[in-house]
Structure formats: structure tokens, C-alpha cells
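Subject: Structure handover

Hi,

Here is the structure I promised to pass on to you. Please open it alongside this email, and my notes follow below.

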Amino acid sequence: MSLRWGLIGASTIAREWVIGAIRADGGTVVSVMSTDAERARAYADANSIPEHTTSLEALLGSEIDAVYISTTNELHRDQALAAIAAGKHVLCEKPLALSLHDARQMVEAAREAGVVFATNHHLRNAGTHRAMRDAIREGRIGRPLAARVFHAVYLPAHLQGWRLDRPDAGGGVILDITVHDADTLRFVLGSDPVEAVALTQSAGMGREGLEDAVMGVLRFENGVVAQFHDAFTAQYAETGFEVHGTEGSLVARNVMTQKPIGTVSLRTDSGEETLSVDGANLYETALRAFGKAVRGQGAPAASGEDGIWSLATALAVAEAAKTGRAVKVETGMAKAGITGA
């Protein structure tokens with residue numbers, strides 16, 4: 001079964017990564033929707049998409065099986081709920097929504113409708129992060145004690161805009177980058193975050209009171225404490241991810257990226273070993289898993305429940321920075337009757 005896709009949002013990420021990943025899985029991009037008619041037309045022409053529209057209703061009424069939502073964050077909920085009501089499978093960008101209530105509503109609606117609902121957390125698909133997760137599961141560093149993520153980058157000019165000046169759209173570095181840290185840490189450690197402390201920074205790139213950098217610490221259910229640094233303002237930094245345990249350390253460099261690059265070293269009493277990692281395209285891995293889930297052959301790489309967890313963690317980080325307190329990470333899924341990841 002080859003999936004027919006509609007794009008909700010004529011976005012950079014779809015153009016650079018997701019359209020190619022859909023096609024690599026044998027799927028077809030049938031139509032793209034943008035509220036700007038000229039943008040929709042130009043985008044469709046540039047990306048060989050046969051149809052374009054300014055109407056969500058028209059997109060959902062076309063011959064498609066699934067939608068990819070990559071609009072600004074405040075639009076995700078209503079667009080996802082409309083797609084679910086139309087019987088379409090949904091791959092939604094992170095964060096799923098601006099509130100946990102809305103994110104839970106999206107996940108529950110998909111469950112009731114019997115459609116696949118996934119979060120586009122690409123980093124858990126990196127060969128480097130999967131190698132780290134496998135090494136921890138195999139006990140190669142003993143019991144994990146601490147982790148460190150450095151995900152401070154420079155936001156390029158073509159991605160600046162609403163991320164820096166629209167609080168109403170969920171701008172700021174926490175909902176853009178910290179959500180990725182949260183998901184990647186959960187995936188690699190195999191444990192859920194329970195508490196957050198943080199400080200934010202406004203170094204001049206963020207406007208309208210939005211943070212453009214954040215540092216903090218997450219405590220996980222298994223006892224691991226994880227430090228993180230996220231920023232839009234670091235022009236010359238490299239990214240990395242470390243996990244330190246009782247019997248060894250995993251040290252990864254240049255891995256918090258969309259590209260299938262980076263290295264992972266295992267350090268123990270025996271010395272230092274460079275782990276073998278697969279170089280598969282992260283988005284192709286995600287779209288392949290999504291297609292299999294639609295065909296009833298497994299689960300998406302990152303579920304809606306995973307998206308709720310990353311949003312809950314990001315909101316706890318934001319609250320911790322605002323109040324100066326340690327804030328519990330609470331998803332509300334159990335109370336809402338949602339089970340899963």
C-alpha cells in the first residue's frame with residue numbers, strides 16, 4: 001500500500017526533508033495547502049506536487065490517506081482534529097500543541113478514530129542515538145548516572161521570524177529545541193523525566209519576551225540527572241550527547257542534527273571504542289515506520305504519546321525558568337485514560 005499524502009503547510013522542513021522521505025517510502029505527495037495562494041502554487045511547482053490549495057477542507061476532501069502538519073504550533077490542534085475527523089492518518093510536527101490538554105485531545109481523537117497519529121521527533125531515528133540506546137540496554141556502561149546534551153546552534157536567517165517574535169505561535173527555543181532533547185533523552189535512557197529546573201536567556205535574537213537560550217537539568221525516573229543547553233544564538237558550537245554510568249561513558253559528537261552524521265565513543269576500563277552506527281536518513285526511517293504502522297505492521301517511530309511527553313517536559317522547563325522552582329513533569333495521560341509510550 002503506497003500512501004497518498006497531503007501537506008498542511010508549505011514549510012522548509014517538508015521541502016528539505018519530508019517530501020523526499022515520503023517518496024523514498026514509495027508514497028506520493030498529492031497536494032499542499034497554504035493560506036497564501038501564491039506560496040501554495042509556487043511551492044507545488046517547485047516540488048512537483050500536482051495539486052495546491054488554500055483550503056484545509058479541500059485538502060482533506062482530496063484523494064489522500066495521510067497528512068503531514070508543519071504549520072506554526074498554535075494551528076496544529078485544529079488541523080490535526082480536522083484531519084482525524086476526515087479519517088486521515090497524521091504525522092504532526094513537534095510540539096503537538098501549546099497545551100497538554102490540546103495534545104491529549106489530539107491523541108485521544110486519533111485513538112477513537114482508529115487512525116495512526118505520530119510526532120515528527122526525528123532525532124530518535126539517528127543511528128548514533130540508537131547505538132547509544134542499545135549500548136545502555138546491553139549494560140555496557142553499567143547503571144546510567146548522568147547525561148549531558150548540548151544543542152546550542154545558530155538559527156539561520158530563513159528560519160527566523162515566528163520562532164523569535166510570536167509567543168502566540170509557541171515561539172522560543174524551549175518549544176523548538178528543548179522538546180527534541182526531552183524526546184531523545186527519553187528514547188536513549190529508556191526512562192521518563194520527572195522534574196525540571198532551568199534558567200532562560202534573552203541574548204537579543206528573541207523578541208517579544210521570547211527566550212533564545214536555556215540551560216537546565218532534568219531528573220529521570222531511573223535516577224539519572226541530565227543537563228541540557230539549547231540556544232538559537234551559538235554560531236560556532238558543536239552539538240553533542242553524553243551518558244555516564246557506573247562502568248563507562250558514551251560520548252557522542254555532532255549528533256543533535258537532522259543529518260545522519262556524528263560519532264559515538266564508548267569509554268571503559270578497556271579503553272575507547274568507536275561504535276558502529278548506521279547512516280540512514282532520519283526522516284526516511286520515520287516515514288518507513290509510519291507507513292508500516294498504517295499497514296498494521298508496528299508502531300510509528302515517535303507516537304502521539306511520545307509527543308505529549310516531550311511537550312510536558314518543555315512546559316515544565318518553561319515553568320521552572322519562570323518561577324525559579326523545581327517543577328514536576330506531568331503529562332496527565334493516566335488521568336485522561338491515555339496509555340502508551
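A quick definition before the strands: two of them count as paired if DSSP finds at least two bridges between them. Please also keep in mind that this is a predicted model.

By that rule, E8 and E9 are paired, running antiparallel with 8 bridges. Within this pair, Pro193 sits opposite Phe220 of E9. E9 in turn pairs with E10, again in the antiparallel sense, over 7 bridges. Here Val214 has Asp230 of E10 as its bridge partner. The hairpin of E9 and E10 has 4 residues between the strands, and Gly223 in that hairpin adopts a positive phi near 95°.

These strands belong to something wider: an open sheet of 9 strands with mixed pairing, in the order E14-E13-E12-E11-E7-E10-E9-E8-E15. At its edges are strand E14 (271-274) and strand E15 (327-328), each of which pairs on one side only. Elsewhere in the sheet, strand E11 (residues 240-245) runs antiparallel to strand E12 (residues 249-253), and 5 bridges join them. Phe241 faces Ala252 of E12 across that pairing.

Helix H10 (residues 304-323) packs on this sheet, where it touches strand E8 (193-201), strand E9 (213-220), strand E10 (225-231) and E15. The direction of H10 makes about 50° with that of E8.

Now to the N-terminal strands. Strand E1 (residues 4-8) pairs with E2 in the parallel sense over 5 bridges, and Arg4 stands opposite Thr28 of E2. Is strand E2 largely enclosed or largely open? In strand E2 (residues 28-33), 5 of the 6 residues are buried, so the rest of the structure largely encloses this strand.

Last, a helix pair you may want to look at. Helix H1 (residues 12-24) packs with helix H9 (residues 282-294) at an angle of about 50°, and their axes are 8 Å apart. That angle is why H1 counts as oblique to H9. The crossing of H1 past H9 is right-handed. On the H1 side, the contact is made by Ile13, Trp17, Val18, Ala21, Ile22 and Ala24, while H9 contributes Tyr283, Glu284 and Leu287. By class, the residues of this contact of H1 with H9 are 8 nonpolar, no polar and 1 charged.

Enjoy exploring it!

Best wishes

Technical notes: Residues are numbered from 1 along each chain as its sequence is written. This is a predicted model: local features need pLDDT of at least 70, side-chain atom pairs count only at pLDDT 80 or more; totals for chains, interfaces and linings use all residues. Side-chain values use heavy atoms; hydrogens and water are left out. Axes are lines fitted to C-alpha atoms, for helices over the stretch in contact, and angles run from 0 to 180 degrees between N-to-C directions. Helices (H or I, at least four residues) and strands (E, at least two) are DSSP runs, numbered from the N terminus. Angles under 35 degrees count as roughly parallel, over 145 as roughly antiparallel, 65 to 115 as roughly perpendicular and the rest as oblique. A crossing is left-handed if the near helix is turned anticlockwise from the far one by less than a right angle, and right-handed if clockwise. Contact means heavy atoms within 4.5 Å. Ala, Val, Leu, Ile, Met, Phe, Trp, Tyr, Cys and Pro count as nonpolar, Asp, Glu, Lys and Arg as charged, and the others, Gly among them, as polar. Buried means under 20% relative accessible area, exposed over 50%, partly exposed in between (1.4 Å probe, protein chains only).
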